[in-house]
Amino acid sequence: MKTTIEELVAFRAVVDTGSITAAAEQLSQTVSGISRALSRLEQKLETTLLRRTTRRLELTEEGAAFLLRTRAILDAIDEAEEQLAARRQQPAGRLRVNAASPFMLHAIVPLVPEFRRLFPQISLELDTDDLPIDLLERRTDIAIRIGPLRDSTLHARPLGTHRLRVLASPGYLEARGKPRKAADLADHALLGFTQPESLNRWPLRGVHGDEWTIAPTLSASSGETLRQLALAGVGIVCLSDFMTAADRASGALVQVLSKETVDVRQPVNAVYYRNTQLSARITSFLDFLSQRMA
């Protein structure tokens with residue numbers, strides 16, 4: 001007896017979610033139904049695909065090999081369905097987009113309602129990470145990268161640039177005073193990144209040129225965390241315009257050291273693997289994002 005698509009989908013979902021219960025929830029099926037599908041699949045293949053323990057599920061060596069084939073089969077089916085949808089000029093299917101949490105919150109999320117109206121058959125899956133990810137490992141279609149690109153295996157589509165500014169809340173400046181030159185930052189609370197270290201080089205003119213490397217008083221891995229701390233009056237921060245446009249417009253954050261600030265702009269790129277033939281759903285999202293961010 002041959003395996004079925006439903007059994008392959010159940011197997012992949014269990015591996016991706018880490019449990020039978022989570023897979024059942026994702027696929028809107030019962031736990032017993034997913035468990036039976038796995039059992040049937042292993043019986044048909046006459047091999048154990050997953051080791052079940054009280055705490056987790058682990059792929060066997062045979063299971064890992066079969067998973068690669070399973071993904072290829074299901075991806076081929078998805079691609080065939082997408083091609084048919086593209087012929088009807090109605091892009092469809094799941095689109096996985098990854099971005100740093102601040103960019104997702106401030107740049108992408110506000111555009112989602114309009115994108116959903118234009119492309120109702122595309123199912124968006126939005127993931128956030130504050131550090132670059134492996135697109136293949138995370139099964140991501142598009143990742144938004146801010147800053148210089150270093151991975152030559154990726155295709156990139158430029159989406160624009162965003163300026164960096166040094167900012168603080170009016171409450172902080174009232175309590176601690178306003179710095180007049182870059183050297184004055186030594187007397188202030190500075191909010192910086194844990195990594196990468198390059199984000200702690202602020203675009204300020206000083207004795208060392210057009211960059212001023214700070215020693216953070218308080219560090220965080222997320223720019224959104226630093227933004228919230230700056231809004232709370234904890235210290236001075238350097239962030240991209242896409243995160244702070246509304247704050248600056250409302251006066252919640254104000255630029256400091258504007259005369260000493262160098263016009264440095266961070267490139268924003270949408271990246272994807274070169275060996276990927278772009279589907280209609282990927283192209284539609286890239287075109288939409290490019291137009292709105294222009």
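**Exposed loops, paired strands and salt bridges in a predicted model**

K259 is an exposed residue, with a relative accessible area of 74%. The model discussed here is a predicted one. K259 belongs to the loop that runs between β12 and β13. Along the chain K259 and R180 are 79 residues apart, yet their C-alpha atoms sit 9.3 Å from each other in space. The loop between β12 and β13 also holds L257, and here the picture flips: L257 is buried, at 5% relative accessibility. Its backbone is worth a look too, since the phi of L257 is near 55 degrees, a positive value in a residue other than glycine.

That brings up the backbone oddities. Most residues other than glycine have a negative phi, and most peptide bonds are trans. Besides L257, S28 goes against the phi habit, with a positive value of about 55 degrees although it is not a glycine. S28 sits in the loop between α2 (20-26) and α3, and with a relative accessible area of 68% it is exposed. E46, just after α3, likewise takes a positive phi of about 55 degrees. As for the peptide bonds, the one joining Q195 and P196 is cis, with omega about -5 degrees. P196 is placed in the loop between β7 (190-193) and β8 (201-202).

Helix α3 itself, spanning residues 31-45, is pretty much by the book: its 15 residues reach 21 Å from the first C-alpha to the last, close to the 21 Å expected at 1.5 Å a residue. Its buried residues are G33, I34, A37, L38, L41 and E42.

Moving on to the strands, β6 (residues 154-168) has several partners to go through. With strand β13 (residues 265-273) it pairs in the antiparallel sense over 9 bridges, and in that pairing H155 stands opposite Y272 of β13. Strand β11 (residues 236-240) also pairs with β6, again antiparallel, over 4 bridges; the bridge partner of L164 there is S240 in β11. Then there is strand β12 (residues 254-255), which is joined to β6 by 2 bridges and runs antiparallel to it. Across from A168 in this case is V254 of β12. In a regular strand the side chains alternate between the two faces of the sheet.

Next, the charged side chains. Side chains of opposite charge can pair when their charged atoms come close. A search of the whole structure turns up 16 salt bridges. One of them links R281 and D141, whose closest N and O atoms are 3.2 Å apart. R281 lies in helix α10 (residues 280-293), while D141 lies in the loop between β4 (122-128) and β5 (142-146), so this pair ties together parts that are 140 residues apart in sequence. Both ends are tucked away: R281 counts as buried at 9% relative accessibility, and D141 counts as buried at 14%.

Two further pairs mix their levels of exposure. K181 and D184 form a salt bridge with the closest N and O atoms 3.2 Å apart; K181 is partly exposed, with a relative accessible area of 46%, whereas D184 is buried, at 17%. The side chains of R248 and D241 meet in a salt bridge of 3.3 Å, N to O. Here R248 is partly exposed, with a relative accessible area of 27%, and D241 is buried, at 13%. There is a network as well: E7, R40 and K44 are joined into one by salt bridges that share partners.

Another arginine to note is R227, found in helix α8 (residues 223-231). R227 counts as buried, because its relative accessibility is 10% and the cut-off for buried is under 20%. Its side chain makes a polar contact with the side chain of E224 at 2.8 Å. A polar atom of the R227 side chain also lies 3.4 Å from the backbone oxygen of M243.

Last comes the nonpolar part of the surface. L105, V109 and L126 make a nonpolar surface patch of about 230 Å². Of these, L105 is placed in helix α5 (residues 101-108) and is partly exposed, with a relative accessible area of 48%.

Technical notes: Residues are numbered from 1 along each chain as its sequence is written. This is a predicted model: local features need pLDDT of at least 70, side-chain atom pairs count only at pLDDT 80 or more; totals for chains, interfaces and linings use all residues. Side-chain values use heavy atoms; hydrogens and water are left out. Patches are made of residues with over 30% relative accessible area and no salt bridge: like charges are joined within 9 Å, nonpolar side chains (Val, Leu, Ile, Met, Phe, Trp, Tyr) within 5 Å. Accessible areas come from the Shrake-Rupley method with a 1.4 Å probe; for residues, only the protein chains shown count as cover. A salt bridge is a side-chain nitrogen of Lys or Arg within 4 Å of a carboxyl oxygen of Asp or Glu. Buried means under 20% relative accessible area, exposed over 50%, partly exposed in between (1.4 Å probe, protein chains only). The expected span of a helix is 1.5 Å times one less than its number of residues. Two strands pair if DSSP finds at least two bridges between them. A polar contact is a pair of N or O atoms within 3.5 Å; within protein, one must be able to donate a hydrogen and the other to accept it, and residues adjacent in sequence count only if both atoms are side-chain atoms.
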